[in-house]
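Trainee: Could we take a close look at a single part of this model, and then follow the picture outwards from there? I would like a connected account rather than a list.

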Amino acid sequence: MAGPRITVIGGGAVGLASAYRILERWPDVRLTLLEKEPHVAAHQTGNNSGVMHCGLAYRPGSAKARLAVRGIRQLIAFCQQHGIAHDICGKLVVASREEQKPRLLDLYERGTANGLRGLELLPAERIREYEPHAAGVAALRVPEEGITDYPGVCEALARLITERGGRVVPGARVGRLRRRGGEWIAETGQGEFVSDYLVACAGLQADRVARMAGGRTDIRIVPFRGDYYRLRPEREYLVRNLIYPVADPKFPFLGVHFTRMIRGGVEAGPNAVLSLAREGYSRTAFNLRDAWDAATFPGLWRFLARHAGMCWAELRRAFSRELFCRSLQELVPEVRVEDLEPAGAGIRAQAMTPDGRLVEDFVFLDLPGSVHVLNAPSPAATACLAIGEEVAERLARQMEAA
């Protein structure tokens with residue numbers, strides 16, 4: 001007898017990994033994954049820096065900490081098993097000023113509490129052992145951090161889903177969800193897809209899909225665009241692997257940093273600027289619905305008021321290569337403006353509450369017959385296989401209760 005029918009919405013790392021874990025747990029289910037774009041990994045997953053985050057900065061006991069630590073180890077094993085390019089190269093978190101040293105120690109303590117191995121606090125004179133052109137007053141060495149090819153991970157997951165009897169349907173934008181008895185009906189441009197259970201991993205559209213399914217949630221996805229530059233090839237020697245600043249704890253983004261890419265080259269960035277289009281990757285991108293959603297959300301105005309100085313600084317830096325370079329020089333003083341070439345952008349789907357607070361942790365929403373991943377910003381790509389296990393477990397509880 002065939003198993004239940006399951007529809008997964010979203011072909012990024014989290015949706016694909018959730019579908020993979022579901023088929024791993026229940027090989028007889030009839031699973032269909034719907035992706036609105038022509039190919040998988042079209043948005044957050046395919047436009048990030050490729051870093052595998054091992055769980056350094058996240059609050060001990062949080063879902064982010066738990067799933068990132070487990071997830072990176074699962075992801076490494078997956079890459080090894082399926083021949084996907086990756087490198088556990090380690091990273092340095094560099095304190096450029098004396099007042100950042102206490103935050104560096106806090107990161108060390110958080111990482112230790114989260115189960116990271118081999119963390120090492122370095123004095124200034126040892127920084128150049130790992131990054132000969134970096135400078136600072138102290139640093140934290142994180143040996144478990146790495147880089148990978150996330151589009152390659154997603155292509156492998158999509159192939160495995162198909163091999164296990166599932167379907168991956170590109171170009172299937174979900175326009176409406178409705179219940180009919182105990183069934184879900186997903187209406188798309190490619191027709192209706194009927195299932196017994198629904199899993200939504202819609203990333204930048206997660207709040208809209210949850211409301212489409214009848215979920216009542218007061219959080220809103222607010223998109224932040226991150227711009228990248230690339231070091232000119234003849235200057236790539238300035239960075240060996242990953243060099244990060246000490247993040248400001250009052251602001252939830254990591255700050256501009258250097259990343260060696262798995263396919264070659266060194267990227268610098270991203271910044272974090274409010275976007276007026278959830279899927280718009282240029283500085284001038286505009287989507288009326290997205291802009292209206294943001295402008296009419298009181299949480300955004302409260303956030304802007306609370307972080308006015310930081311937001312203004314990020315906006316100025318987005319339009320000034322000189323200011324961007326100045327931030328990078330705090331980590332690698334030899335970097336010059338002429339070393340930087342534009343290298344695209346990514347969009348972070350960040351959940352925000354009506355009081356203007358950014359939701360830091362992963363958020364899951366269980367509705368009758370459905371599971372929604374409502375907030376999954378970085379390190380969701382790293383943690384995707386562990387998030388998939390969490391989704392499958394939540395689905396299992398619903399099946400057992402049915």
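Do β4 and strand β8 (residues 146–148) pair in the parallel or the antiparallel sense, and over how many bridges?

Mentor: This is a predicted model, and what follows should be read with that in mind. The pairing of β4 with strand β8, which covers residues 146–148, is antiparallel and runs over two bridges. At the level of residues, H86 is the one that stands opposite T148 in β8. In general, the strands of a sheet pair through backbone hydrogen bonds, in either a parallel or an antiparallel arrangement. Here the two strands belong to an open sheet of three strands, whose order is β3-β8-β4 and whose pairing is antiparallel. Its edges are formed by β3 (51–52) and β4 (86–87), each of which pairs on one side only.

From the sheet we can turn to the aromatic pairs, of which the structure holds three. In one of them, the ring centres of Y20 and F78 are 5.8 Å apart and the planes stand at 80 degrees, an angle over 60, so the pair is classed as edge-to-face. Because Y20 belongs to helix α1 (residues 13–25) and F78 to helix α2 (residues 63–82), this pair ties together parts that are 58 residues apart in sequence. Both partners are buried: Y20 has a relative accessible area of 6%, and F78 comes to 4% relative accessibility.

Another edge-to-face pair is formed by Y229 and F324, with 4.8 Å from centre to centre and 70 degrees between the planes. This pair, too, links distant parts of the chain, since Y229 sits in strand β14 and F324 in helix α10 (residues 321–329), 95 residues apart. Y229 counts as buried at 5% relative accessibility, and F324 counts as buried at 1%.

Strand β14 leads on to the second largest pocket, because the elements that give two or more residues to the lining of that pocket are β14 (220–231), β18 (273–274) and α9. The second largest pocket has a volume of about 340 Å³, and of the 19 residues that line it, V273, L274, S275, L276 and L315 are the closest to its centre. By class, the lining of this pocket divides into 13 nonpolar, three polar and three charged residues. Helix α9 supplies the largest share of that lining, with four residues.

The same helix, α9 (residues 308–318), also contains C311. When residues up to four places away in sequence are not counted, C311 touches F303 and L304. As for a position further along the chain, the C-alpha atoms of C311 and G115 are separated by 33 Å, with these positions 196 residues apart in the numbering.

Finally, there is the enclosed space. In general, rolling a probe the size of a water molecule over the atoms shows where empty space is left. For this model, the count comes to one cavity of 30 Å³ or more, and the largest cavity has a volume of about 30 Å³. The residues that line the largest cavity are Q44, G203, A206, I221, A349, V373, L374, N375 and A376. Strand β21 (residues 370–375) gives the most to this lining, with three residues. Six residues of the cavity lining are nonpolar and three are polar, while none is charged.

Technical notes: Residues numbered from 1 in each chain as written. Predicted model: local features only at pLDDT ≥ 70, side-chain atom pairs only at ≥ 80, totals over all residues. Heavy atoms only, no water. Contact = heavy atoms within 4.5 Å. Pairing = 2+ DSSP bridges. 1 Å grid on protein atoms, 1.4 Å probe; cavity = no way out; pocket = protein on both sides within 12 Å on 5 of 7 lines; lining within 4 Å. Points joined across faces, edges and corners; volume = space filled by probe spheres on them. Nonpolar A, V, L, I, M, F, W, Y, C, P; charged D, E, K, R; others polar. Phe/Tyr/Trp six-rings, centres within 6.5 Å; stacked < 30°, edge-to-face > 60°. Buried < 20%, exposed > 50% of the residue type's maximum accessible area, 1.4 Å probe, protein only.
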